[in-house]
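Hi there,

Here is the structure I promised to pass on. Have a look at it first, and then read on for what turned up.

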Amino acid sequence: LTDADESIATMHGSALDLLYYADRTGIALDRDAPGTARRLAALTEAGIRTLGVAETDFDRLPRDVRDALGRYHLIDSGAGFRIYRLGPVSADRLAATATTARE
């Protein structure tokens, strides 16, 4: 879903392990830290286009974080995870992403 050299953002409690397992550089967000919703908004300014969220119960995310995530395009999801595209998405990139997600 991302280019090999693309930095990503992750949200999984307060841990950095998603970046490690994804073998990517990027930003790890603490879902419960004050200001996380504001930090989400600043990700695109930092050049981050993809956000991976690992959570078993998305209703447990803080309300402001859920609201912020609702502004982004959900490109893949499954049991305990969601992947969002941040910022503008070209039609070609979106079509390629959708094809990859189905495979």
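One cut-off before anything else: a residue is called buried when its relative accessible area is under 20%. L29 has 0% relative accessibility, so it counts as buried. Please keep in mind that this is a predicted model.

**Overall layout**

The chain has four helices and five strands. Starting at the N terminus, the elements follow the order β-α-β-α-β-α-β-β-α. Of the 103 residues in the chain, 31% are buried. If you like contact maps, take the contacts with a separation of 6 or more: 52% of them come from residues 24 or more positions apart.

**The sheet**

The five strands make an open sheet with mixed pairing, in the order β2-β1-β3-β5-β4. Which strands stand at the edges? They are β2 and β4 (73-78), and each has a single partner strand, so one side of each has no neighbour in the sheet. On average, neighbouring strands are turned by 15° against each other, with direction ignored.

Strand β1 (residues 8-11) has partners on both sides, as the order shows. With β2 (residues 26-29), β1 pairs in the parallel sense over four bridges, and I8 has G26 as its bridge partner there. With β3 (residues 50-54), the pairing of β1 is parallel too, over three bridges; here M11 is bridged to V53. The side chains of β1 alternate: I8 and T10 point one way, A9 and M11 point the other way, and all of them are buried.

At the other end of the strand order, β4 and β5 (residues 81-85) run antiparallel and are joined by five bridges. Two examples of facing residues are D76, whose bridge partner in β5 is I83, and L74, which stands opposite Y84. These two strands form a hairpin with two residues between them. In the turn, G80 has a positive phi of about 85°.

**The core**

As a general point, nonpolar side chains in soluble globular proteins tend to be buried together. In this model, the largest nonpolar core has 17 residues, and L40, L51 and L69 have the most contacts inside it. Two or more residues each come from β1, α2 (36-42), β3 and α3 (63-69). The element that gives the most is α3, with three residues.

What is L40 in contact with, once its neighbours within four places in sequence are left aside? The list is M11, L29, L51, V65, A68, L69 and Y72. Two residues on that list are worth a second look. L29, the buried residue from the start of this email, is found in strand β2, while M11 belongs to the buried set in β1. L29 and M11 are 18 residues apart in sequence, yet their C-alpha atoms are 4.9 Å apart in space.

**Rings and charges**

There are zero aromatic pairs in the structure. One ring does have a charge over it, though: the charged end of R82 sits over the ring of F58, 3.8 Å from its centre.

That is what I have for now. Do write back if you would like to go through any of it together.

Best wishes

Notes
Residues are numbered from 1 along each chain as its sequence is written. This is a predicted model: local features need pLDDT of at least 70, side-chain atom pairs count only at pLDDT 80 or more; totals for chains, interfaces and linings use all residues. Side-chain values use heavy atoms; hydrogens and water are left out. Buried means under 20% relative accessible area, exposed over 50%, partly exposed in between (1.4 Å probe, protein chains only). Two strands pair if DSSP finds at least two bridges between them. A nonpolar core is a set of buried Ala, Val, Leu, Ile, Met, Phe, Trp, Tyr and Cys residues joined through side-chain atoms within 4.5 Å. Contact means heavy atoms within 4.5 Å. Rings of Phe, Tyr and Trp (its six-membered ring) pair if their centres lie within 6.5 Å; planes under 30 degrees apart count as stacked, over 60 as edge-to-face and the rest as tilted. A charge sits over a ring if NZ of Lys or CZ of Arg is within 6 Å of the ring centre and within 35 degrees of the ring normal. Axes are lines fitted to C-alpha atoms, for helices over the stretch in contact, and angles run from 0 to 180 degrees between N-to-C directions.
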